Amino acid sequence: MAKQAHMRPIDEIAEQIGLTADDFDLYGNPYIAKLRMDVLNKVQSRPNGKYIDVTAITPTPLGEGKTTTAVGLAQAMKHIGKSSVLTLRQPSQGPTFGIKGGAAGGGYSQVVPMDIFNLHLTGDIHAVSAANNLLAAMIDNRLMRGNPLNIDPYSITWKRVVDVNDRALRNIVVGLGGKWDGVPRQTGFDIAVASEVMAILA
């Protein structure tokens, strides 16, 4: 069904909510774009709208969960003449490559192009991973360089992240090898979307 969908260019969609081509940057094709931050100034004088947060739901046996519900709600609002905008986080590649599969919704309530949405999209999760892992490296660097902040290595809860389900990395020991390879300690990897950096972005 996703492959048969007739997609409209993102500039046509943006025009419906009062945005122009100067307000976003295209990402590789005419259907994907990223808003520029100065759009906030442009819409600042507009009245606030209503906000619906689909935060947790147990999917039905057919897989109708948060995304399908959120997309369906936005479509329903548009159908009854309301101006609606849907915002979703890029799906994690962990579930996408696991039993669950992609997170683009289903049936007539799904996000297209589904393959690009499920895989990388505009690269935000990769940027979150890089920022999170930079902070983790800075902590280990402080430990190796004399620990001037007097950090207890056994109390560090900040883990590195990766955007795949890799069970072998959940519990690991870092700092093995020698003096310049860091201080040995137990740590692990979380999935990227569980990062505190992602929580700030969301």
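**Close-up views of a predicted two-domain model**

**Figure 1. The two domains of the chain.** In this predicted model, the domain assignment divides the protein chain into domain 1 (2–118) and domain 2 (124–201). Their C-alpha centres lie 32 Å apart. Where the domains meet, eight residues of domain 1 are in contact with nine residues of domain 2. For a sense of how far to trust the view, the chain averages a pLDDT of 90, and 100% of the residues score at least 70. Among the elements, strand β6 (residues 172–174) has the highest mean pLDDT, at 97, while helix α4 (residues 93–96) has the lowest, at 82.

**Figure 2. A salt bridge from strand β2 to helix α6.** Here we zoom in on Lys 34 and Asp 124, which form a salt bridge with their closest N and O atoms 2.5 Å apart. This pair ties together distant parts of the chain, for Lys 34 sits in strand β2 and Asp 124 in helix α6, 90 residues apart. Lys 34 counts as partly exposed, at 27% relative accessibility, and Asp 124 is also partly exposed, at 27%. Please look for Thr 122 in this view too: its place is in the loop between α5 and α6. Thr 122 counts as buried because its relative accessible area is 13%, under the 20% cut-off. Leaving aside neighbours within four places in sequence, Thr 122 is in contact with Tyr 27, Ile 32 and Lys 34. Lys 34 thus appears twice in this picture, as a salt-bridge partner of Asp 124 and as a contact of Thr 122.

**Figure 3. A salt-bridge network around Asp 140.** The salt bridges in the model come to six, and this view shows one that belongs to a network. Asp 140 pairs with Arg 160, the closest N and O atoms being 2.9 Å apart. The two residues come from distant parts of the chain: Asp 140 is in helix α6 and Arg 160 in strand β5, 20 residues apart. Are these partners buried or exposed? Asp 140 is buried, with a relative accessible area of 13%, and Arg 160 is buried as well, at 18%. Salt bridges that share partners join Asp 140, Arg 160 and Arg 185 into one network.

**Figure 4. Tyr 31 and its surroundings.** Tyr 31 is found in the loop between β1 (24–26) and β2 (33–35). At 31% relative accessibility, Tyr 31 counts as partly exposed. Apart from neighbours within four places in sequence, the residues in contact with Tyr 31 are Met 7, Arg 8, Pro 9, Ile 10 and Pro 113. One of these contacts, Arg 8, meets Glu 12 in a side-chain salt bridge of 3.3 Å, N to O. Arg 8 is partly exposed, at 39% relative accessibility, and Glu 12 is partly exposed too, at 36%. Tyr 31 and Glu 12 are 19 residues apart in sequence, and their C-alpha atoms are 9.6 Å apart in space.

**Figure 5. A cis peptide bond before Pro 113.** Most peptide bonds are trans. In this view, the bond from Val 112 to Pro 113 is cis, with omega near 0 degrees. Pro 113 lies in the loop between β4 (109–110) and α5 (114–118). Readers coming from Figure 4 will recognise Pro 113 as one of the residues in contact with Tyr 31.

**Figure 6. Two residues with positive phi.** Most residues other than glycine have a negative phi. Which residues are shown here with a positive value? They are His 120, with a phi of about 80 degrees, and Asn 150, with a phi near 55 degrees. His 120 is located in the loop between α5 and α6 (124–144), and Asn 150 in the loop between α6 and β5 (160–162). His 120 is partly exposed, with a relative accessible area of 37%, whereas Asn 150 is exposed, at 67%.

**Figure 7. A nonpolar patch on the surface.** Our last stop takes in Leu 134, Leu 135 and Met 138, which form a nonpolar surface patch. Together they have about 280 Å² of accessible area. Leu 134 is placed in helix α6. Leu 134 counts as exposed because its relative accessibility is 51%, and exposed means over 50%.

Conventions
Residues are numbered from 1 along each chain as its sequence is written. Side-chain values use heavy atoms; hydrogens and water are left out. Helices (H or I, at least four residues) and strands (E, at least two) are DSSP runs, numbered from the N terminus. Buried means under 20% relative accessible area, exposed over 50%, partly exposed in between (1.4 Å probe, protein chains only). Patches are made of residues with over 30% relative accessible area and no salt bridge: like charges are joined within 9 Å, nonpolar side chains (Val, Leu, Ile, Met, Phe, Trp, Tyr) within 5 Å. Accessible areas come from the Shrake-Rupley method with a 1.4 Å probe; for residues, only the protein chains shown count as cover. A salt bridge is a side-chain nitrogen of Lys or Arg within 4 Å of a carboxyl oxygen of Asp or Glu. pLDDT is the predictor's confidence in each residue, from 0 to 100. Contact means heavy atoms within 4.5 Å. Domain bounds come from an automatic or database domain assignment.
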